[in-house]
Amino acid sequence: MSQKVFDYNLFIRTAKSPVFSTLSFVAIFFLLYSSDTIVSIANLPMHAVDLKSHKTVDHLREPTLITTTNIQEQITIDEGPDEVYDPLIPPNNVTKQERLVWFRRKLPELEILRSNNLTQLFHSRVLQFLNNGCSIQFYMIWFSPAKSFGKREFFAMDSLFKAHPQGCLMILSKSMDSGRGYRILKQLLDGGFKILAVTPDFPFLVKNTPGEVWLEEIKSGKKDPGYIPLSQNLANLIRLIVLYKYGGVYLDTDFITLKDLSGLRNAIGAQSVDLQSKNWTILNNAAMIFDINHPILLDYISEFAATFIGNKWGHNGPYLVSRVTEKVGSTPGYNLTIVPPEAFYPVDWNKIRRLFRKPQKESESRWVESMLNELNQEETYALHLWNKRSRELAIEEGSVMARLISEHCVICQDIYSTSL
């Protein structure tokens, strides 16, 4: 098998390089929800979702679905108290022991680590949603307040549906599973696009995976969560488990989708390659496409639980998928595809700023046209915007970003603003 990334096949990691992964935003877990139509589904069986047919499959028996009305429409539009910020952010400049004392004191507040009446609807809602004629199923995660779900994130959804009008998008988020979230999504829902914001049931998701033991250790207060906000590492884990249990495509919320992804299968993107050998040096977990129950996902989850470190950026995310893939990615039967940086990371984090700028002279205008041709006509499926580096940048008229969004949107609202 060729080791060149441009062959779109698995190739071997040859060197280490720094990674600047997209960081998850701070989490929020205190919105009010409607208590209507609360049904316990704790005993429902887990159903598979075949990535080819995009239908749920029960290998034991036909699924028994609970019929509910649209929960999001039942939620009052009055959001109640202002959203509060993440209780999972530890204090600065403390020792490990001091942080553990703080964390144990905070544990009763961490609703995401527990099941409740709303989260117990998760599996039922997912099954009904994915049995909705999806041509392809996508997942995103939003653990920040709904009020911070802005134009950047809306354009991520907008461009996704431009490329996949019959696709289904599920946003794993408590804050977006609310009246405020419903209003944000309403334009797309009114346009007939299939999108669901759903509060995840974390204990249910990790059950019968290596993540279950890790969660129990965290909930017991014995494992140090580290100084990195725990919400970021929960997002690293939950994307792996959702893909393992349901199958589909995971994307971070700072992508602009340019092409149909349905031709990719069991694929993960290289962020960087060695210029001489063309072998990958680092992978990124911001975009992943996998069949249900793909064994490497279980390898990733096992690695997360066994080697968790809450004090190293990227250790439980991009570096995790890189080191596991290096070890087991060529295992017979895995059929893993590593796509080159052009597929999802065609522009480096330190060059992303240029895409937002208006061309001031003829040479810059020619560069804009050349970049647009590269992104639209070659190997790029989606453009990662490196949110930490670009979030505050304004989209200037005539820039690469302005042109891309205008060509790859269905709602196309407010493209020009102070920032995405």
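Colleague: Let's start with a strand pairing: which residue in β9 does V273 stand opposite?
Modeller: Keep in mind that this is a predicted model. Strand β8 covers residues 267-273 and pairs with β9 in the antiparallel sense over 6 bridges. V273 stands opposite a residue of β9, and that residue is W280.

Colleague: And which residue of β9 is the bridge partner of A267?
Modeller: We're still looking at β8 and β9, which pair in the antiparallel sense. For A267, the bridge partner in β9 is I289.

Colleague: How many residues lie between β8 and β9 in their hairpin?
Modeller: The turn of this hairpin holds K278, which has a positive phi of about 65°. As for the residues between β8 and β9, the number is 6.

Colleague: Does β9 have another strand to pair with, and if so, which residue of β9 stands opposite Y250?
Modeller: Strand β6, residues 248-251, also pairs with β9, in the antiparallel sense over 4 bridges. Y250 stands opposite a β9 residue, namely M288.Colleague: How many residues of β9 are buried?
Modeller: A residue counts as buried when its relative accessible area is under 20%. Strand β9 covers residues 280-290 and is mostly covered. Of its 11 residues, the number buried is 11.

Colleague: Which residue of β10 stands opposite I268?
Modeller: Here we look at β8 again, where 7 of 7 residues are buried. β8 and strand β10, residues 337-339, pair in the parallel sense over 3 bridges. Opposite I268 in β10 stands I338.

Colleague: Over to β3: which of its residues point one way, and which the other way?
Modeller: Strand β3 spans residues 137-141, and 5 of its 5 residues are buried. Q137, Y139 and I141 point one way from the strand. The other way point F138 and M140.

Colleague: Which residue in β4 does Y139 stand opposite?
Modeller: β3 runs parallel to strand β4, residues 168-172, and 5 bridges join them. Y139 stands opposite a residue in β4, and that one is M170.

Colleague: Now the rings. How are W142 and F149 arranged as an aromatic pair?
Modeller: The search of the whole structure finds 12 aromatic pairs. In the pair of W142 and F149, the rings are 5.1 Å centre to centre, with 80° between the planes. An angle over 60 degrees puts a pair in one class, so W142 and F149 are edge-to-face.

Colleague: Why does W142 count as buried?
Modeller: The cut-off for buried is under 20% relative accessible area. Its ring partner F149 is buried too, with 7%. W142 counts as buried because its relative accessibility is 2%.

Colleague: What is the angle between the planes of F304 and F308?
Modeller: Both F304 and F308 are buried. They form a tilted aromatic pair, 5.5 Å centre to centre. The angle between the planes is 50°.

Colleague: Which ring does the charged end of R354 sit over?
Modeller: There's a lysine case to look at too: the charged end of K245 sits over the ring of F204, 5.7 Å from its centre. The charged end of R354 is 3.8 Å from the centre of its ring, which belongs to W367.

Colleague: Where is Y345 found?
Modeller: Y345 belongs to an aromatic cluster with F255, F344, Y381 and W386. In the chain, Y345 is found in the loop between α11 (341-344) and α12 (362-377).

Colleague: Is Y345 buried or exposed?
Modeller: Leaving aside neighbours within four places in sequence, Y345 is in contact with residues including F255, N284, H384 and W386. Y345 and S272 are 73 residues apart in sequence, but 8.3 Å apart in space, C-alpha to C-alpha. At 1% relative accessibility, Y345 counts as buried.

Colleague: Which helix gives the most to the largest nonpolar core?
Modeller: The largest nonpolar core has 59 residues, and W214, Y246 and Y300 have the most contacts inside it. The helix that gives the most to this core supplies 11 residues and spans 230-246, and that is α8.

Colleague: How many residues are in the other core, the one with Y381 and W386?
Modeller: This core lies apart from the largest one, and L393 and V400 are also among its residues. Its residue count is 55.

Colleague: To finish, what share of the 420 residues in the chain is buried?
Modeller: The secondary structure of the chain comes to 14 helices and 11 strands. The chain exposes about 17,500 Å², with carbon and sulfur atoms supplying 49% of it. Buried residues make up a share of 57%.

Note on methods
Residues numbered from 1 in each chain as written. Predicted model: local features only at pLDDT ≥ 70, side-chain atom pairs only at ≥ 80, totals over all residues. Heavy atoms only, no water. Phe/Tyr/Trp six-rings, centres within 6.5 Å; stacked < 30°, edge-to-face > 60°. Buried < 20%, exposed > 50% of the residue type's maximum accessible area, 1.4 Å probe, protein only. Lys NZ or Arg CZ within 6 Å of the ring centre and 35° of its normal. Helix = DSSP H or I, 4+ residues; strand = E, 2+ residues; numbered from the N terminus. Areas by Shrake-Rupley, 256 points an atom, 1.4 Å probe, with all protein chains shown as cover. Pairing = 2+ DSSP bridges. Core = buried A, V, L, I, M, F, W, Y, C linked by side-chain atoms within 4.5 Å. Contact = heavy atoms within 4.5 Å.
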